[in-house]
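The following exercises concern burial, helix packing and nonpolar cores. Each task is followed by a solution in steps.

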Amino acid sequence: MSTTITVHRPDVEDPPVEPVQLATRDELPDDAHLLLVDNGKAKAKDLLLHIARELQERLPIATVEVVSKPGAGYVLEDEQIAGLASRADLVIAGLGDCGACSACSLQDALLFERAGVPATVLITEVFIANVARFADSLGRPGYHSLVVPHPAATKSDEQLRAFAAAVADAAVQQLAARQPAIA
C-alpha cells in the first residue's frame with residue numbers, strides 16, 4: 001500500500017504593476033506651496049522643516065504646510081492625497097528610518113506623483129536598498145530619494161540642519177524644473 005501526499009503551495013503570480021509616471025516638473029509659481037508629510041518618527045518633522053527652509057532659499061516657495069500622519073506605518077488614503085495634491089506644488093514625505101516607515105513614505109510620494117505633484121521621499125542611508133526594491137514593486141524602478149545618515153532620531157538640531165543643507169540641492173533636482181536662484 002502506498003500513500004500519496006499532495007502538497008498545495010499558495011504561489012500566486014503577482015499581477016502586473018502599472019508603471020508610475022513622474023509628475024511633470026514645470027516652472028514653479030512665485031507663490032509655490034511645499035507640503036511636508038511627517039510620518040511621526042522622532043525628529044522627522046524637525047528635519048523636514050529644515051529642508052523646507054533650505055528649499056525656500058533656492059526655490060520660490062511661499063508657504064510650507066506640514067501634514068502629520070497618525071503613524072509611520074500608515075499610507076495616506078486616496079481621498080487625502082487628492083485633497084492635499086489640489087493645493088500642493090511640491091511634496092516631501094518622510095522620514096524613512098526603518099523598513100516599514102520607509103516603504104510607507106515612499107508609497108505616499110508615489111501617490112502624489114500619480115496625482116500630478118512632484119514628490120520625493122526622505123530616508124536614512126541604511127534603507128536605500130529596501131526603498132529601491134519597494135519602488136520596483138510599486139511600478140517606479142529607480143525612484144529618487146533624499147538620503148541622510150542613520151539614525152536621524154538621535155541627532156542634534158545642528159546636525160539636522162547640516163543634513164538638510166546637504167540634501168537641499170538634490171531636493172531641488174528631484175522636485176523642480178530648472179529654477180533661477182532666489183536672490
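**Exercise 1.** Determine whether aspartate 108 is buried or exposed, and identify its surroundings.

*Solution.* Aspartate 108 has a relative accessible area of 0% and is therefore buried (buried means under 20% relative accessible area, exposed over 50%, partly exposed in between, with a 1.4 Å probe and protein chains only). The model is predicted: local features need pLDDT of at least 70, side-chain atom pairs count only at pLDDT 80 or more, and totals for chains, interfaces and linings use all residues. Residues are numbered from 1 along each chain as its sequence is written, and side-chain values use heavy atoms, with hydrogens and water left out.

Next, place the residue: aspartate 108 belongs to helix 3 (residues 99–114), where helices (H or I, at least four residues) and strands (E, at least two) are DSSP runs numbered from the N terminus. Finally, list its contacts (heavy atoms within 4.5 Å). Setting aside neighbours within four places in sequence, aspartate 108 meets Val37, Lys69, Tyr74, Val75, Leu76, Ile81 and Ala93.

**Exercise 2.** Characterise helix 3 by its span, its burial and what follows the helix.

*Solution.* The 16 residues of helix 3 reach 23 Å from first C-alpha to last, close to the 22 Å expected at 1.5 Å a residue (1.5 Å times one less than the number of residues). Helix 3 is mostly covered, with 12 of its 16 residues buried; among them are Cys101, Cys104, Leu106 and Phe112. Its buried residues pack against strand 1, helix 2, strand 3, strand 4 and helix 4 (128–138). After helix 3 comes glycine 116, with a positive phi near 90°.

**Exercise 3.** Describe how helix 2 (residues 78–85) packs on helix 3.

*Solution.* The two axes come within 10 Å and cross at roughly 60°; axes are lines fitted to C-alpha atoms over the stretch in contact, and angles run from 0 to 180 degrees between N-to-C directions. Helix 2 and helix 3 are therefore oblique to each other (under 35 degrees is roughly parallel, over 145 roughly antiparallel, 65 to 115 roughly perpendicular, and the rest oblique). Asp78, Ile81, Leu84 and Ala85 of helix 2 make the contact with Asp108, Leu111 and Phe112 of helix 3.

**Exercise 4.** Which members of the largest nonpolar core touch the most other members?

*Solution.* A nonpolar core is a set of buried Ala, Val, Leu, Ile, Met, Phe, Trp, Tyr and Cys residues joined through side-chain atoms within 4.5 Å. Of its 27 residues, Leu34, Leu47, Ile51, Leu55, Leu59, Ile92 and Leu122 touch the most other members. Helix 5 (157–175) gives the most to this core, with seven residues.
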